[in-house]
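Open the model in your viewer and show side chains as sticks. Keep the sequence panel in view. We will move from stop to stop.

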Amino acid sequence: MGLDKEQLDFLNKELNITREEIVRMSFDEWDTVREKCFEIETEEFLNMEKEGKDIDDAEEWTERCVIAVSIVDTSFAELNVP
């Protein structure tokens with residue numbers, strides 16, 4: 001699977017999606033998950049801007065943001081990588 005434990009835990013906690021559900025997902029279902037993670041990423045960036053942080057500086061990103069970005073960047077083809 002192309003997702004690590006941290007990403008799987010994040011998806012379970014944030015979106016109530018299990019590893020087993022991810023394995024069975026269609027392209028469109030995975031695309032919806034990625035869109036939801038993009039919404040989380042956007043929410044985190046907006047919160048960071050409110051706090052006066054530089055969203056262009058990845059070192060200032062929250063862990064929630066980093067994980068959401070990593071999931072958004074995971075293609076459907078990568079899900080089935082052993």
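Is C65 buried or exposed? C65 counts as buried, because its relative accessibility is 0%. Keep in mind that this is a predicted model.

**Stop 1: helix α4**

Select residues 63-72, which form helix α4. C65 has buried company here: I67, A68, V69, I71 and V72 are buried in α4 as well. Now add residues 5-15 and 27-50 to the selection. These are α1 and α3, and the buried residues of α4 pack against them.

**Stop 2: helix α3**

Stay with α3. This helix has 24 residues. From its first C-alpha to its last it reaches 35 Å, close to the 34 Å expected at 1.5 Å a residue. Colour its buried residues next: W30, V33, C37, I40, E41, E44, F45 and M48. What do they pack against? The partners are α1, α2 (19-23), α4 and α5 (76-79). Then step just past α3 and click G52. G52 takes a positive phi of about 80 degrees.

**Stop 3: two cysteines**

How many disulfides does the structure hold? The structure holds 0 disulfides. Select C37 in α3 to look closer. C37 is in no disulfide, and the nearest cysteine sulfur, that of C65, is 11 Å away. Why is there no bond from C65? The closest cysteine sulfur to that of C65 is in C37, and 11 Å is too far for a bond. C37 counts as buried because its relative accessibility is 0%.

**Stop 4: the loop after α4**

Move to T74. T74 sits in the loop between α4 and α5. Is T74 buried or exposed? At 5% relative accessibility, T74 counts as buried. Select its contacts to see what lies around it. Setting aside neighbours within four places in sequence, T74 is in contact with G2, L3, Q7, W30, R34 and L79. One of these, W30, is among the buried residues of α3.

**Stop 5: a salt bridge inside one helix**

Now for charged side chains. The whole structure has 5 salt bridges. Start with D9 and K5. They form a salt bridge, and their closest N and O atoms are 2.7 Å apart. Both residues lie in helix α1, 4 residues apart, which is about one turn of the helix. In general, an α-helix has 3.6 residues a turn, so residues three or four places apart point the same way. Switch on the surface to compare the two partners. D9 counts as partly exposed, at 41% relative accessibility. K5 is exposed, with a relative accessible area of 61%.

**Stop 6: salt bridges between helices**

Select E43 and R64. Their side chains meet in a salt bridge, 3.1 Å from N to O. E43 lies in helix α3 and R64 in helix α4, so the pair ties together parts that are 21 residues apart in sequence. E43 is partly exposed, with a relative accessible area of 39%. R64 is partly exposed too, with a relative accessible area of 22%.

Now add E44. The side chains of E44 and R64 also meet in a salt bridge, 2.7 Å from N to O. E44 lies in α3 and R64 in α4, so this pair ties together parts that are 20 residues apart in sequence. E44 counts as buried, at 8% relative accessibility.

Finish by adding E14. Which residues do shared partners join? Salt bridges that share partners link E14, E43, E44 and R64 into one network.

Note on methods:
Residues numbered from 1 in each chain as written. Predicted model: local features only at pLDDT ≥ 70, side-chain atom pairs only at ≥ 80, totals over all residues. Heavy atoms only, no water. Buried < 20%, exposed > 50% of the residue type's maximum accessible area, 1.4 Å probe, protein only. Helix = DSSP H or I, 4+ residues; strand = E, 2+ residues; numbered from the N terminus. Contact = heavy atoms within 4.5 Å. Expected span 1.5 Å × (residues − 1). Disulfide = S-S within 2.5 Å. Salt bridge = Lys/Arg side-chain N within 4 Å of Asp/Glu carboxyl O.
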